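Hi,

Here is the structure I said I would pass on. Have a look at it first, and then read my notes below.

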Amino acid sequence: MRTNYKKSNKKVQTSAAAMLHLLILFSASDKAVAQNSAGIVGIDHVGINVPDLNKAVTFFSDVLGFTPVTQLGPIPLDADWKKLNHINPDTGAVTIKMINAGNGASIEVFEYADNKGSKTHPNTDDIGASHIAFYVNDINAAVEYLKSKGVKIIGEPFTMPSGDTAGESWVYFETPWGSKMELVSYPNGKGYEKANPKTVLWSPKNKTIKKTVDDFDSKKNTLIVENHLKIWNERDEAKRKVLLNRVYAADVEMVDRHFIAEGFEDISKFIVELQTKNPDFRFSAKSIETNHNIVRLYWQFGSKAKPSVVSGMDLFVIENNKVQKLYVFVDQKE
């Protein structure tokens with residue numbers, strides 16, 4: 001009897017495992033069918049209503065740096081449309097402006113003439129309440145900037161100490177018309193990314209940059225690389241910071257054979273360590289070669305008496321007049 005029970009139990013476990021496997025397969029299959037049927041590629045835009053279109057667009061443009069692109073209207077709305085879309089029958093025509101919000105979805109701004117809808121913003125916990133979050137490279141600098149423009153900051157930036165979003169800093173701010181929006185930053189990624197997840201959330205910091213004509217200007221690119229050498233030789237922290245902002249993209253990535261440095265802070269820290277260990281050494285260029293927006297620098301590092309104690313080659317990827325990627329090759333000593 002005991003033997004039969006064990007066999008029966010194994011059969012149940014096997015059947016349960018098989019059923020779970022089938023459910024997972026059907027679930028994945030259903031998701032694939034849904035994605036293919038809907039044909040959704042990504043978020044194109046988000047829409048918001050404002051009381052005054054011109055003032056709202058001025059705020060987005062002058063304070064946040066976004067660009068107005070297209071406009072529709074004023075468009076009169078008929079009674080059937082208002083009824084179908086839950087619009088007060090006495091509300092007037094709508095005017096819509098689409099603004100380019102940097103590297104991400106656009107923002108569609110609506111103004112209804114003679115608006116008879118609610119003038120009260122939804123509370124944070126109300127159904128339908130929403131907000132837009134903008135990614136920034138330096139959240140503290142962004143907060144100080146918004147404060148200088150008279151923007152109300154709600155609280156102080158908070159950095160998540162643990163969990164899936166560990167390393168993410170965020171803070172809310174209020175627009176002149178009372179809408180709540182957010183600044184968010186995670187220059188070194190979020191906690192969940194360290195576990196090599198199957199799916200990684202999209203982020204505007206992982207942008208695809210469109211190349212410009214300037215990116216192929218060999219003289220400009222040579223100057224950028226020459227300024228790169230000035231960064232590595234500069235011992236004054238304030239001056240080095242100015243050069244870093246001028247030469248490197250905020251999310252620049254430096255790939256060495258032993259490590260990868262991301263952003264100004266990582267690179268600057270490595271420079272200081274290198275200068276501390278080699279107080280009399282300086283970098284100098286042996287040659288600079290350009291190929292469109294790719295630049296190759298052959299360098300040497302040493303003292304006045306021995307200028308080439310170490311030598312190597314740096315490979316630069318330059319886009320939008322700044323170094324986006326830097327690959328470092330150090331010559332092996334024979």
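A quick definition before anything else: I call it a salt bridge when a side-chain nitrogen of Lys or Arg lies within 4 Å of a carboxyl oxygen of Asp or Glu. Please also keep in mind that this is a predicted model.

With that cut-off in hand, take D314, which sits in strand β13 (residues 310-319). Its side chain is buried, but has no salt bridge: the nearest side chain of opposite charge is R257, and that is 11 Å away. So R257 falls outside the 4 Å that a salt bridge requires. What does the side chain of D314 make a polar contact with? The partner is the side chain of H228, at 3.4 Å. H228 also turns up among the residues that D314 touches, leaving aside those up to four places away in sequence; the others are V295, R296, L297, W299, L326, Y327, V328 and F329.

E182 is the other acidic residue I'd point you to, and you'll find it in strand β8 (residues 180-185). E182 is buried and has no salt bridge; K180 is the nearest side chain of opposite charge, 8.0 Å away. Here the side-chain polar contact is with the side chain of H131, at 2.9 Å. Not counting residues up to four places away in sequence, E182 touches H131, I132, A133 and F134, plus W170, V171, Y172 and F173.

That brings in F134, because I wanted to see what packs there too. In addition to E182, F134 touches F60, L64, F66, I107, F173, M181, L183 and V184, again not counting residues up to four places away in sequence.

Now for the cores. The largest nonpolar core has 27 residues, and F134 is among those with the most contacts inside it, along with F60, I107, F173 and L183. Two or more residues of this core come from each of α2 (53-63), β4 (106-112), α4 (139-148), β7 (169-174) and β8. Of these, α2 gives the largest share, six residues. There is also a second, separate core of 26 residues, which includes V252, L297, F316 and V323. L297 is one of the residues that D314 touches, too.

Some figures for the chain as a whole:

- The chain has seven helices and 14 strands.
- Of its 334 residues, 32% are buried.
- Taking contacts between residues at least 6 apart in sequence, 50% join residues at least 24 apart.
- About 22,100 Å² is exposed, with carbon and sulfur atoms supplying 55% of that.

Cheers

Key: Residues numbered from 1 in each chain as written. Predicted model: local features only at pLDDT ≥ 70, side-chain atom pairs only at ≥ 80, totals over all residues. Heavy atoms only, no water. Helix = DSSP H or I, 4+ residues; strand = E, 2+ residues; numbered from the N terminus. Buried < 20%, exposed > 50% of the residue type's maximum accessible area, 1.4 Å probe, protein only. Lys, Arg positive; Asp, Glu negative; His and termini not counted. Polar contact = N/O pair within 3.5 Å; in protein donor to acceptor, adjacent residues only side chain to side chain. Contact = heavy atoms within 4.5 Å. Core = buried A, V, L, I, M, F, W, Y, C linked by side-chain atoms within 4.5 Å. Areas by Shrake-Rupley, 256 points an atom, 1.4 Å probe, with all protein chains shown as cover.
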